[in-house]
Amino acid sequence: MTVAEPQLTVDGPAAAAVPLQVNGRRCVVELEPRVSLLDAVREHLDLTGTKKGCDQGTCGACTVWVDGRRVLACLTLAVAASGREIVTIEGLADGDELHPMQRAFLEHDAFQCGYCTPGQIMSAVKLIEEGNAGSDEDIAEFMSGNICRCAAYPNIRAAIRQVRDRSGGGA
Amino acid sequence: MTVVGTPVRRVDGPAKVSGAARYSAEITLPGTAHLAVVGATIAGGRVVAVDTAAARAAAGVVAVLTREDLPKVAAEPHLLPSLAGGPAPGQSFFPMQDDVVHHAGQPVALVVAEEHEQAQYAATLVRVSYEAVPSVTTIDQGRDRAYEAERLFGGLLPGRSERGDVEAGLARADLRVEAAYRMAANHHNPLEAPSTVAVWTDGKLTVYESTQGVRATQQTVAQLLGLPVSHVRVVTGFVGGGFGSKAMVWPDVTLTAMAARHVGRPVKLMLPRPRMFTSNGHREEQEQRITLGATRDGRLTAIRHEKLSVTSPFDDWAEPATGVSSQLYACENYLGRHRLIRGNTMTPTFTRGPGEALGVFTLETAMDELAYRLSMDPLELRLRNHTPVDPAGHPWSSDGLVECLRLGAERFGWADRPPGPRATRDGDWLIGTGLAATAYPVAFFMPPQRARARIFADGSAVVQTSTQEFGTGVLTMATQVGADALGVALAELTFQAGDSDLPNSTAAVGSAGAGMVSSAVHAAGTALREQLVALAVGDRGSPLHGAGPESVTVTDGRLTSSGRPGAVDTYRELLARNHLSDAEATGEWRPPPLDTPHGLLTFGAQFAEVAVDPEFGLVRVRRLHGAFAPGRVLNPMLARSQLMGGMLWGMSQALLEGNHMDPRYGRWAATNLAEYLVPVNADAPVVVVDLVDVRDDVVGPLGAKGVGEIGQVGAAAAIANAVFHATGRRIRTLPMAPELVMDPAGPGER
């Protein structure tokens, strides 16, 4: 006589088609509900510019924009971003023309290994828009959600100052 | 025009700021499955059973592997530093070969699934039952079983360093300073977690790996799997920081290759952050003691420097802490030794500024105490004990310590400082300044380094070697060196690295990367230039025909001869006339012998200003100044950035970073970046880096010594000395947490 083994696992809902709008493009991705926005863009859309540092919301490497606000993609479920406008680092440049913040990071050598850099830049652009780049202390404080283990922090501040001063914003 | 020595911007910068730069986990091959590693939850004992039924039944799971499913390794690993150029396992142990658990986090099962989320979830369903035995994971638990290490570093270094008669030197001293220190464990925490993608094709293995040494990884994996080295290829695009965590080859890369072979598909592992704390080594918890003897005029008569730390059950590993304290100052009597406790941890490993970062902390805070005891300016005490030769009497390959101390002092404004402690207040804050001399050994354990240079008929050129870019700027620096050596414009030359199929370059560790790569690239570029010059002077069609090869110089691809004004040939025309589509040459650099008659240290000086709130114990670093003499500076912008980063690592070591074992469970207390503190932007003060140019004809053809470690070494000491100057309190525990710094004194401190 065969006895059925007790069902030990509880699987979540199966993957479903999730519409996403990333960098102005609409796409539909087969995703389980537990897939983070970070893994959705990296593993399913091959947009690997958004980085996975801690996957726990502590390092900022995964910073993207959702509906114009900087958010941590590792703490955002992809399904929750459906219907919203998502921008990743790949969507920042205007074709081959780098965003002023990207150029400023180059000019001030504001990175070394480059792994935190996309998140730093996505944060830095919003920092100025938010009006939180008025002083060096403000820049340091409001950029403190983005860890740079190479510790390029003084150069990151210099890059942000440059963009702020040339755009006349930030205060 | 030469480009070496100029601040060329990073050649990989555009790819990094646009998100185009690919790191190892970002290689996704068709059919890739995802790996999750299940780690032991006990610190010592054995695995009794592994119940994989629930995990196997979970959605998307391809395979669950226990030690029964895993092949035996072809050879037992033996720890050897990757700088030696051979296989370089991080520890003399490979997991999942038997049922013994040596440390918490040790891999006990592998889960492979279609998707990352499925693998992670199924890993939580693996039920492991253990038979636990009491564990030892802290110095306090194992103090009574400490022993003196005979050899360190896989046998490459002696555990003891001794000259003269320390007891006699101390007996002769007018003053003694004795101090004991406690330093918490550190974890590298590069922002990119170690990542591996392994794929098998026709019995050959390709590994995409985040590593500081593609050749070390290739050789280690080949040895463990019993494959010919030629059947293993390791590719590394970009590496998101290493700091030592990727300097050795840890079990995960080979486990991933085993899993990929088992499932017959490419397999990707990206370590979750918590697993980083138990998968790639750490800087060990340690205690150091130092005794200085000095005459009344401040001359050292004896130094005794001892370290006690916890290592794994398999290896006598200690970061060597006495390489600088044994050499930095003129002192006839010296004893340095390392004592170890075998405990339930994995083998510790290189962490930025390995050994010397803490050894110099001990030496230079003790020197500060000595200066106060002598009522002597701490700067003067260093100058007074400077030595132009190493303990064997050999002159330094290049010096610069005095220049660094003087330049740093001038730029920092050292002379304006009140001599006594607790003399300056700014509102609620006590202000203090401190300095430290610093040095870091230059090591030549590596085998010959090679690079290949190739030029094409259109004048563009490629130089290749198997190094890897993890933030040092090596791609940029090597492009500069190659362009100058070959005599082409920077824009014409592409430097390629990150592939074990390229000519040999040893792992970039211990500040040796710049020296090794620049020397090999210089040799290759020079060899190709000489080949082409010889072709030109022997070519009847060349305006330089018959000229002496030594009279020919090449700039921007144009060949001219000092003996033949006005005559110009070009690489393009030369190759076209000779019907050559390309030309190539390999260059080799052999490091100086280990017994080279030169002292080998890189020197610098560190200065710090701090503000301390004595009621809350808060320490804010207001500014850091460093002056360094790393030989020839190949790119001052990149060098400054790396030195600045190192100085901030020193700040972090002084004030933030530390992990502790929970002695009850033998597990790390902090396994994430919320609790394991690293500096954020708001912690980072203004940092000033000055470079002192010193000529060095020993360390390589370009005379470059490397800047990866020296920025960190001494920075924590300068900060601790500044905290003393601010508060009058001497903190000998790292990190200097607020409860140690605040005024209502903690017992034992001061």
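# A tour of the two chains

Start with the nonpolar interior: the largest core holds 283 residues, and those with the most contacts inside it are B:V111, B:V112, B:A122, B:A524, B:V610, B:I719 and B:V723. Select helix α12 of chain B, residues 513-537, which gives the most to this core with 13 residues. Apart from that core lies another, of 11 residues, including B:A149, B:F153, B:W317 and B:L340. Keep in mind throughout that the model is predicted. In soluble globular proteins, nonpolar side chains tend to be buried together.

Now centre on B:A122. Leaving aside residues up to four places away in sequence, B:A122 touches B:A55, B:A58, B:V61, B:V111 and B:A113.

**Chain B as a whole**

Zoom out to chain B, which has 16 helices and 33 strands. Its radius of gyration is 27 Å, close to the 27 Å that the globule rule gives for 750 residues, so chain B is as compact as a globular protein of that length. Along the principal axes, the C-alpha trace of chain B spans about 85 × 70 × 50 Å. Colour chain B by burial: 62% of its 750 residues count as buried. Among the chain B contacts with a separation of 6 or more, 81% are between residues 24 or more positions apart.

**The open sheet**

Select β23, β22, β21 and β27 of chain B. These four strands form an open sheet in that order, with mixed pairing. At its edges are β23 (493-496) and β27 (582-589) of chain B, each pairing on one side only. From one strand to the next, the twist averages 15 degrees.

Look next at the β23(B) end. Strand β22 of chain B, residues 461-464, runs parallel to β23(B), and four bridges join the two. Label B:V462 and find B:T494 opposite in β23(B).

Then add the helices. Helix α11 of chain B (residues 474-486) lies across β21 (449-456), β22 and β23 of chain B, at about 130 degrees to β23(B). The helix α12(B) also packs on the sheet, where its contacts are with β21, β22 and β27 of chain B. The direction of α12(B) makes about 140 degrees with that of β27(B). This is the helix that gives 13 residues to the largest core.

**Around strand β17(B)**

Move to strand β17 of chain B, residues 300-311, where 12 of the 12 residues are buried. Strands of a sheet pair through backbone hydrogen bonds, either parallel or antiparallel. Which sense of pairing joins β16(B) and β17(B)? Strand β16 of chain B, residues 286-294, pairs with β17(B) in the antiparallel sense over nine bridges. Along this pairing, B:I290 stands opposite B:H305 in β17(B). Follow the chain through the hairpin: five residues lie between β16(B) and β17(B), and B:G298 takes a positive phi near 90 degrees.

Add strand β18 of chain B, residues 334-342, which runs parallel to β17(B) and is joined to it by nine bridges. For a marker on this pairing, select B:R304, whose bridge partner in β18(B) is B:L335.

**Chain A**

Finish with chain A, which has five helices and five strands. Traced from the N terminus, the order of elements is β-β-α-β-β-β-α-α-α-α. The C-alpha atoms of chain A fill a box of roughly 80 × 30 × 25 Å along the principal axes. With chain A coloured by burial, 53% of its 171 residues count as buried. Of the chain A contacts with a separation of 6 or more, 57% are between residues 24 or more positions apart.

Technical notes
Residues numbered from 1 in each chain as written. Chains lettered and ligands numbered in written order. Buried ≥ 20, exposed ≤ 12 C-beta atoms within 10 Å, placed from the backbone. Contact = placed C-beta atoms within 7 Å. Pairing = 2+ DSSP bridges. Core = buried A, V, L, I, M, F, W, Y, C linked by C-beta atoms within 7 Å. Rg over C-alpha atoms; globule rule 2.2 N^0.38 Å. Axes fitted to C-alpha atoms, helices over the stretch in contact; angles between N-to-C directions.
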